[in-house]
Amino acid sequence: VLAATGNGVYASSDSGLNWSLFGPDNGGINSIAVNGNNIYAGSFYAMYVSSDGGNSWANDSVPFPQANSIYAKDDVLLVGGDYYGIYSSTDNGANWNLYEFINSSVKTFAEYENGILAAAYGIYKTTNNGVNWTETAVKNCTIMSFATDGNNLYAGTIGKGAYLSTNNGLSWSHAGLEDMYYVWSLGVCGNYVFAGTWAQGMHVSTNKGANWTFSGLDSLELRKIAVNGNNVYAIASRSRLFLSTNYGANWTLKHSYPPYISSLAFSGNNMYAAGDYDLSISSD
C-alpha cells in the first residue's frame, strides 16, 4: 500500500500496521499512480518516477512544474497541473500534449465506462486517452465529488447542486439540491443516493435526484461519505464519524476527535481511516 504525504511516499507491506519512507522525501507529494512496474509521484515542483519498486526515483522530464493529479494505465499518462490544464501522453511519457483550461485545476480523474473524466471547473471527458477533451453540460462550477451505482453517475458541485449522467458522462442533467451551496460529498447505497452538504445536513434521494429528503446531521460540514455494504458512514468536519444502518433514517456517532479523519476505505472486515498525521484501522 502506497501513501502520498507531505513528507514523501510511504509504503506498508502489512496492511498499514507499519510504514516506511518509500520515495521522494524532498517535497510534498500530492498525487500518486501505479502503472505496471512504474510508480509516479507528483509534487508541487516536479513529477518523479520509479521503475524499480521504489529503490530509486528520477525527476521525470515533463513540461509542467506541478502535478496535482495523475492517471496512469497502459501507455497512457494524464497529469493535472495547477491552472495549466491536462497534459496527456500516449507513449508512457516520451511526448506530451496540453489541453488547456482557463483558471482551472484538475482535482481528480475517474475512469468510467468508455472514457476518462476530469473534474475541474466543470466535468470534461475524453474517449481517446486524453488527446481530445469534451466539455460536458456540467460547466462553470467546481466539482466536489463523484459517485456511481454502475449505471448512473452523480456529481456534486459548489453553487449548482447535483448533476446526473445516464450515458457514461456524455451528457448531464440537474439532479436537484440547487439551493445547497456546497454538495461536498456523495455516496450510493442500493437505491439510495446520499448527499452531504456544508451546514445544511445530509439529504437522501431514492429517485435519482428528482426529490431529496432531509436526513439529519444538520449544521455540520459533511465532507466525505463512504458506503460499505448497507452501512453508510459520514465524516463531519473531519472530527466526527457517523454511521447509519437504515439508509439515513438514524445516525449514530461512532468516533470523535482525536484523531482527525479525512477519508475512509474498506478491505474485507477492515476499515481504514486517514487523518492528518496517521492512519487508523478498525476491524469491528
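Q: In what order do the strands of the open sheet that contains β24 stand?
A: This model is predicted. The sheet in question is open and consists of 4 strands with antiparallel pairing. Its order is β24-β25-β26-β27.

Q: Which strands stand at the edges of that sheet, and what is the average twist from one strand to the next?
A: An edge strand pairs on one side only, and this holds for β24 (222–228) and β27 (252–256). From one strand to the next, the twist averages 25°.

Q: How many bridges join β26 to β27, and which residue of β27 stands opposite Leu243?
A: Strand β26 covers residues 240–244 and runs antiparallel to β27, to which 4 bridges join it. Opposite Leu243 stands a residue of β27, namely Thr252.

Q: Why is one side of β8 and one side of β11 left without a neighbour in their sheet?
A: These strands belong to an open sheet of 4 strands, ordered β8-β9-β10-β11, in which the pairing is antiparallel. Both β8 (69–73) and β11 (97–99) stand at the edges, so one side of each has no neighbour in the sheet, as each has a single partner strand.

Q: By what angle are neighbouring strands of the sheet β8-β9-β10-β11 turned against each other on average?
A: The strands of this sheet pair in the antiparallel sense. With direction ignored, the average turn between neighbouring strands is 15°.

Q: Over how many bridges do β9 and β10 pair, and which residue in β10 stands opposite Val79?
A: Strand β9 spans residues 76–81 and strand β10 spans residues 85–89. Their antiparallel pairing extends over 5 bridges. The residue in β10 that stands opposite Val79 is Tyr87.

Note on methods
Residues numbered from 1 in each chain as written. Predicted model: local features only at pLDDT ≥ 70, side-chain atom pairs only at ≥ 80, totals over all residues. Heavy atoms only, no water. Pairing = 2+ DSSP bridges. Helix = DSSP H or I, 4+ residues; strand = E, 2+ residues; numbered from the N terminus. Axes fitted to C-alpha atoms, helices over the stretch in contact; angles between N-to-C directions.
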